[in-house]
Amino acid sequence: MKKILNFKRCIIVDFIVNNALISLAGALALLYCCVCAFFKMSPTFNVPVELQPWGELANNISISVIAAVIFYIVQVYLPNRKRDRVLREVMKKYCKEVLLKECKMLKVRTDAIRNGEHSEQEIIAAVDVSCQKVNSALNKALENYMSVLPTELISAISAVISDDMLYEITLRASGSLVNRSLEKIVQDEFLYNLLWTRIETIRAEVDKM
């Protein structure tokens, strides 16, 4: 029972925060209807006859506003909330099982070059495949799930997409960069560590979802 109450309270707070104007309009309309009902039921408080038609008109408008707010909640807000919750779970799974997995594979392969375990010639094709998958996953995350991504996660993904180290590795692995070897590119300690710090930021933001 406590969980149900907390869930309902969460929905109400979330609706008010994200739909402030609609919530305000509904609250004012409800308040006006209550005031009208009070005047109608009270024998001691009388409204001048000439104002009664306008009061009734405003009361009818207020009832329409309340009905519109209820319709919006039932037909728009709740279905969208459910859809976003499902989409957020899909996004979280996609990031963990595809994006971060491919990033980890790219790090393993570039670390192998940095540590002298493999030469560029031996592993460049595998690095090219990893770069393609990482870049594809990054762009797909933004294109398909932008509407449910937290601002911090959008910023983290965008930072990796525009990362200089990833860009140079991708160019070299695809054969578009001829004047620098992979061995030389990944030896830049600052840029290399910055790339994986940014990817760890993505991991941290995904875990928060």
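Modeller: A polar contact is a pair of N or O atoms within 3.5 Å; within protein, one atom must be able to donate a hydrogen and the other to accept it, and residues adjacent in sequence count only if both atoms are side-chain atoms. This is a predicted model, in which local features need pLDDT of at least 70 and side-chain atom pairs count only at pLDDT 80 or more, whereas totals for chains, interfaces and linings use all residues. Residues are numbered from 1 along each chain as its sequence is written, and side-chain values use heavy atoms, with hydrogens and water left out.

Biologist: What makes the pair Asn19 and Tyr72 a polar contact?

Modeller: Their side chains are joined at 3.0 Å, which is within the limit of 3.5 Å. Asn19 lies in the loop between helix 1 (2-18) and helix 2 (20-41), where helices (H or I, at least four residues) are DSSP runs numbered from the N terminus. Beyond four places in sequence, Asn19 touches Tyr72 and Tyr77, a contact being heavy atoms within 4.5 Å.

Biologist: Why is Asn19 called buried?

Modeller: Buried means under 20% relative accessible area, exposed over 50%, and partly exposed in between, with a 1.4 Å probe and protein chains only. Asn19 has 10% relative accessibility and therefore counts as buried.

Biologist: How do you know that Glu120 is buried?

Modeller: Its relative accessibility is 4%, so Glu120 falls in the buried class. This residue belongs to helix 4, and its side chain reaches the backbone nitrogen of Leu182 at 2.6 Å. Leaving aside neighbours within four places in sequence, Glu120 is in contact with Arg172, Ser181, Leu182 and Glu183.

Biologist: Why does the span of helix 4 agree with its 26 residues?

Modeller: The expected span is 1.5 Å times one less than the number of residues. For helix 4 this gives 38 Å, and the end C-alpha atoms are 35 Å apart, so the two values agree. Helix 4 nevertheless has a kink of about 30°, centred on Ala126; the bend at a residue is the angle between axes fitted to the seven residues ending there and the seven starting there.

Biologist: Why does Cys131 have no bond to Cys103?

Modeller: A disulfide is a pair of cysteine sulfur atoms within 2.5 Å. Cys103 holds the closest cysteine sulfur to that of Cys131, at 10.0 Å, and therefore no bond is possible at that distance. Cys131 is buried, because its relative accessible area is 0%.

Biologist: What excludes a bond between Cys34 and Cys33?

Modeller: The sulfur of Cys34 is 7.0 Å from that of Cys33, its closest cysteine sulfur, which is too far for a bond. Cys34 is partly exposed, because its relative accessibility is 46%. A search of the whole structure finds zero disulfides.

Biologist: What makes a set of residues a nonpolar core?

Modeller: The members are buried Ala, Val, Leu, Ile, Met, Phe, Trp, Tyr and Cys residues joined through side-chain atoms within 4.5 Å. The largest such core has 40 residues, of which Met91, Val127, Ile157 and Ile202 touch the most other members. Elements giving two or more residues to this core include helix 3 (52-114), helix 4 (120-145) and helix 8 (189-208). Beyond four places in sequence, the contacts of Ile202 include Leu99, Leu138 and Ile157.

Biologist: Why is Ile169 called buried?

Modeller: Ile169, in helix 6, has 0% relative accessibility and so counts as buried. Among its contacts beyond four places in sequence are Val127, Cys131 and Leu182.
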